[in-house]
Amino acid sequence: MLRTVKPRNARSKRALEKREPKAIENPKTALFLRGTSCSQIVQDAMTDLHSMRAPLAKKFTKKNEIHPFDDATSLEFFSEKNDASLFVFGNTSKKRPHALTFVRMFGHKVLDMLELYLDPESFRRIAQFKGRKCAVGLKPMVVFAGSVFESPISNEYTLAKSMLTDFFAARESTEKVDVEGLQYVVSITAEDPIDDQAKPKIHVRVYLIQTKKSGQRLPRVEVEEMGPRMDFRVGRSKDADESMLKEALKKAKTTEEKTKKNVTTDLIGDKIGRIHIGKQDLSKLQTKKVKGLKRGRDEASDGENDVMAVGEDELKRQRV
């Protein structure tokens with residue numbers, strides 16, 4: 001039997017209502033965890049990613065003996081405890097150095113996972129770049145460049161595109177966007193794959209957008225690298241189960257009335273319908289037979305004599 005939690009007070013009742021499924025879900029919270037052996041480079045990378053995700057992010061500094069691809073029960077426990085649907089798990093080993101594992105949850109269960117290996121030589125932190133930084137909590141613009149991200153067959157790169165889009169751009173849904181809030185852009189690129197070489201790296205760059213005077217109505221836009229700078233190699237991955245993915249992509253039923261085609265309402269409130277019909281063939285039209293409309297034999301003979309008389313008169317006129 002499923003355990004049902006009953007609220008003891010109004011505060012716990014509001015907390016349970018907040019976690020209930022909704023037609024428009026709450027913004028996703030990302031949880032940052034570290035394994036038993038985590039290098040300083042991975043910790044710095046997680047700190048920068050946490051600052052870009054803030055305030056929708058929580059970071060734990062305690063070591064956790066977690067192996068996501070072997071046993072995901074610990075992640076499910078953290079997800080239910082903190083109401084988090086995104087995870088970034090950092091771990092380092094001799095076989096998999098400087099690994100960052102991105103995990104997505106659905107219903108506090110693991111949906112899919114992707115492991116990325118950070119290149120320590122090209123990694124640069126936000127603090128290593130000079131210049132101003134963007135404000136906390138702003139929505140970034142995300143750009144993907146590379147044919148591997150547009151593959152019709154799902155692979156590690158299409159999963160990386162979906163995962164990184166959820167991580168950087170999944171915030172509160174808004175119909176209107178203020179131009180002043182667009183202050184930085186996240187560029188994610190990958191080279192075209194070559195058969196002889198290994199899988200191409202994923203390059204993540206973050207640029208600050210600056211608008212300057214151009215002497216015209218539209219300003220001149222320039223970009224300046226803000227950091228962090230990260231290069232990833234693709235590692236292990238786990239695709240979503242078909243039944244769970246179908247449940248996750250299901251849309252809630254709306255109470256709005258569906259608009260009917262060719263039906264309008266006038267100013268008075270009456271419904272007006274428009275009907276489209278094809279061209280009618282009246283020769284095949286079936287009518288009701290009435291005895292009074294039938295022609296008799298005498299009427300038919302009189303009509304023939306009239307036609308013959310008219311023909312003789314016409315011949316006489318032509319001779320004259």
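**Exercise 1. Classify the residues that line the largest cavity.**

Step 1. By class, the lining has eight nonpolar residues, no polar ones and no charged ones. Nonpolar here covers Ala, Val, Leu, Ile, Met, Phe, Trp, Tyr, Cys and Pro; Asp, Glu, Lys and Arg count as charged, and the others, Gly among them, as polar.

Step 2. Name the residues. They are Leu49, Phe102, Leu164, Phe167, Phe168, Val204, Met230 and Phe232. The elements that give two or more residues to this lining are α4 (156-169) and β10 (230-238). α4 gives the most, three residues.

Step 3. Give the volume. The largest cavity holds about 40 Å³ of space, and the structure has one cavity of 30 Å³ or more. A cavity is a set of points on a 1 Å grid over the protein atoms alone where a 1.4 Å probe fits but cannot get out; lining residues have an atom within 4 Å of a point.

**A note on the model.** This is a predicted model: local features need pLDDT of at least 70, side-chain atom pairs count only at pLDDT 80 or more, and totals for chains, interfaces and linings use all residues. Residues are numbered from 1 along each chain as its sequence is written, and side-chain values use heavy atoms, with hydrogens and water left out.

**Exercise 2. Check the span of helix α2 and list its buried residues.**

Step 1. α2 runs over residues 40-53, 14 residues in total. Helices are DSSP runs of H or I, at least four residues; strands are runs of E, at least two.

Step 2. From first C-alpha to last, α2 reaches 20 Å, close to the 20 Å expected at 1.5 Å a residue. The expected span is 1.5 Å times one less than the number of residues.

Step 3. The buried residues of α2 are Val42, Asp44, Ala45, Met46, Asp48, Leu49, Met52 and Arg53. Buried means under 20% relative accessible area, exposed over 50%, partly exposed in between (1.4 Å probe, protein chains only). Leu49 also lines the largest cavity.

**Exercise 3. Is phenylalanine 69 buried or exposed, and what does it touch?**

Step 1. Locate it. Phenylalanine 69 is in the loop between β2 (57-63) and α3 (73-82).

Step 2. Phenylalanine 69 counts as partly exposed because its relative accessibility is 23%.

Step 3. Leave aside neighbours within four places in sequence. Phenylalanine 69 then contacts Thr101, Met113, Glu115, Arg236, Ser237 and Lys238. Contact means heavy atoms within 4.5 Å.

Step 4. Take one partner. Threonine 101 is 32 residues from phenylalanine 69 in sequence, and 9.6 Å away in space, C-alpha to C-alpha.

Methods:
1 Å grid on protein atoms, 1.4 Å probe; cavity = no way out; pocket = protein on both sides within 12 Å on 5 of 7 lines; lining within 4 Å. Points joined across faces, edges and corners; volume = space filled by probe spheres on them.
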